[in-house]
Amino acid sequence: MAAGGEFDIEALRSQIAGENGFLLYRQYKEPEAAEIIGIHPATLKKLRLAGKIGFIRKGKRAIAYFGFQIADHLIESVQWPDAKAASPPSSSARPGSVGAGTPAHGTDTGGTQSEDARAALALARKTLKRPSSS
């Protein structure tokens, strides 16, 4: 966590991408992005259509996702223990994200998470955990 209780979004994105073997500025097709997140491509499409994940429109039908958009979605998917403990970065901290708003904390992605996605969420929780006050 950066000074003043703010999260270093770039460092967190980099950690999640590194731990899960994807690049932040590479474009991923919808099936690839779904595999990284650990959900079915149809579920990812539903999230995209609901405005819950940023994406790139590459034509009338072609869709892609930057790695940082995938990382942002994983960060936003973290189940927060309570509202006072922590909250993910605001949508203004996510350059390039497209959509109709930020999903509520703890929003279920509607799919079964892969081992990689669970590991990313565990890493995000560990990274974002507030230090215990002794």
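## Ala117 and its surroundings

Ala117 lies in helix α5, which spans residues 115-128. In this predicted model, the relative accessibility of Ala117 is 1%; because buried means under 20%, Ala117 counts as buried.

Leaving aside residues up to four places away in sequence, Ala117 touches Asn20, Ile36, Ile37, Gly38 and Leu74. One of these partners, Asn20, is 97 residues away from Ala117 along the chain, yet the C-alpha atoms of the two residues are separated by 7.7 Å. Asn20 belongs to helix α1, which covers residues 9-20. Ile36 and Ile37 fall within helix α2, formed by residues 30-37, and Leu74 is part of helix α4.

## Packing of helices α1 and α4

Helix α1 (residues 9-20) packs against helix α4 (residues 67-76), with an angle of about 100° between them and their axes 9 Å apart. Angles of 65 to 115 degrees count as roughly perpendicular, and α1 and α4 are therefore roughly perpendicular to each other.

On the α1 side, the contact is made by Ile9, Leu12, Arg13 and Ile16; on the α4 side, by Phe68, Ala71, Asp72, Leu74 and Ile75. By class, the residues of this contact comprise 7 nonpolar, no polar and 2 charged. Leu74 of α4 thus appears in this contact and also among the residues touched by Ala117.

## The three-stranded sheet

An open sheet is built from 3 strands in the order β1-β3-β2, with antiparallel pairing. Its edge strands are β1 (27-29) and β2 (56-57), each of which pairs on one side only. Helix α2 (residues 30-37) packs on this sheet and touches β1 and β3; the direction of α2 makes about 95° with that of β1.

The antiparallel pairing of β1 with β3 runs over 3 bridges, and in it Tyr28 has Tyr65 of β3 as its bridge partner.

## The hairpin of β2 and β3

Strand β2 pairs with β3 (residues 63-66) in the antiparallel sense over 2 bridges. Ile56 stands opposite Ala64 in β3, while Arg57 has Ile63 of β3 as its bridge partner.

The hairpin of β2 and β3 has 5 residues between the strands, and within this hairpin Gly59 adopts a positive phi near 150°.

Note on methods:
Residues numbered from 1 in each chain as written. Predicted model: local features only at pLDDT ≥ 70, side-chain atom pairs only at ≥ 80, totals over all residues. Heavy atoms only, no water. Pairing = 2+ DSSP bridges. Helix = DSSP H or I, 4+ residues; strand = E, 2+ residues; numbered from the N terminus. Contact = heavy atoms within 4.5 Å. Axes fitted to C-alpha atoms, helices over the stretch in contact; angles between N-to-C directions. Parallel < 35°, antiparallel > 145°, perpendicular 65-115°, else oblique. Nonpolar A, V, L, I, M, F, W, Y, C, P; charged D, E, K, R; others polar. Buried < 20%, exposed > 50% of the residue type's maximum accessible area, 1.4 Å probe, protein only.
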